[in-house]
Amino acid sequence: ASDFASVPRILWVLIPPHGRSAEASVVHDYLYDNRIGTRLDADLLFFRDLNPVVPSWQALVMFLSVRLFAQKWWDK
């Protein structure tokens, strides 16, 4: 199951949780849910999939966010 991008509501104006990043978010959630590859592999694929569909600053912020804050989801 995907929650799309886990973005705090206050930031939705800058980084909407749905929209152009939805497909990359669903793939990322699938990789996390099924522990396919390493966490770094999943996060790098997420970044690669975001780059053509969102501004580069947004892809970087989303990538850094999962690197900094998503360890607890990987460990579940």
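These legends accompany several close-up views of a predicted protein model.

Residues are numbered from 1 along each chain as its sequence is written, and side-chain values rest on heavy atoms, with hydrogens and water left out. Because the model is predicted, local features need pLDDT of at least 70 and side-chain atom pairs count only at pLDDT 80 or more, whereas totals for chains, interfaces and linings use all residues.

**View 1. The whole chain, with its four helices and zero strands.** Along the sequence the protein chain follows the pattern α-α-α-α, where helices (H or I, at least four residues) and strands (E, at least two) are DSSP runs numbered from the N terminus. Of the 76 residues, 33% count as buried, a term that stands for under 20% relative accessible area, with exposed meaning over 50% and partly exposed in between (1.4 Å probe, protein chains only). Among contacts with a separation of 6 or more, 54% are between residues 24 or more positions apart, a contact being heavy atoms within 4.5 Å. The accessible surface comes to about 5,000 Å², of which 66% belongs to carbon and sulfur atoms; such areas come from the Shrake-Rupley method with a 1.4 Å probe, and for residues only the protein chains shown count as cover.

**View 2. Helix α1, residues 22-34, and the loop residue arginine 35 that comes just after α1.** The 13 residues of α1 reach 18 Å from the first C-alpha to the last, close to the 18 Å expected at 1.5 Å a residue, the expected span being 1.5 Å times one less than the number of residues. Buried in α1 are Ala22, Ala24, Ser25, His28, Asp29, Leu31 and Tyr32, and the buried residues of this helix pack against α2 (39-50), α3 (56-69) and α4 (71-75). Arginine 35 is placed in the loop between α1 and α2 and has a positive phi of about 50 degrees although it is not a glycine. Most residues other than glycine have a negative phi. Arginine 35 counts as partly exposed because its relative accessibility is 31%.

**View 3. Helix α2 and the side that carries its buried residues.** The end C-alpha atoms of α2 are 17 Å apart, in agreement with the 16 Å that its twelve residues should span at 1.5 Å a residue. The buried residues of α2 are Arg39, Ala42, Asp43, Phe46 and Leu50. They cover an arc of only 95 degrees around the axis, which means that they lie on the same side of α2; the arc is that of the directions from the helix axis to the C-beta atoms. These buried residues pack against α1, α3 and α4.

**View 4. Aspartate 43 and its salt bridges with arginine 39 and arginine 67.** Aspartate 43 lies in helix α2 and counts as buried because its relative accessible area is 0%. Leaving aside neighbours within four places in sequence, aspartate 43 is in contact with His28, Tyr32, Phe63, Val66 and Arg67. A salt bridge is a side-chain nitrogen of Lys or Arg within 4 Å of a carboxyl oxygen of Asp or Glu, and the structure holds three of them. In the pair with arginine 39, the closest N and O atoms are 3.9 Å apart, and both residues lie in helix α2, four residues apart, about one turn of the helix. In the pair with arginine 67, the closest N and O atoms are 2.7 Å apart. Arginine 67 lies in helix α3 and aspartate 43 in helix α2, so this pair ties together parts that are 24 residues apart in sequence. Arginine 67 is partly exposed, with a relative accessible area of 29%.

**View 5. The salt bridge between arginine 48 and aspartate 49.** The closest N and O atoms of this pair are 3.1 Å apart. Arginine 48 is exposed, with a relative accessible area of 55%, whereas aspartate 49 is partly exposed at 23%. Elsewhere, salt bridges that share partners join Arg39, Asp43 and Arg67 into one network.

**View 6. Glutamine 58 in helix α3.** Glutamine 58 counts as buried because its relative accessibility is 6%. Not counting residues up to four places away in sequence, glutamine 58 touches Leu14, Ile15 and Pro16. Phenylalanine 47 is eleven residues from glutamine 58 in sequence and 9.8 Å away in space, C-alpha to C-alpha.
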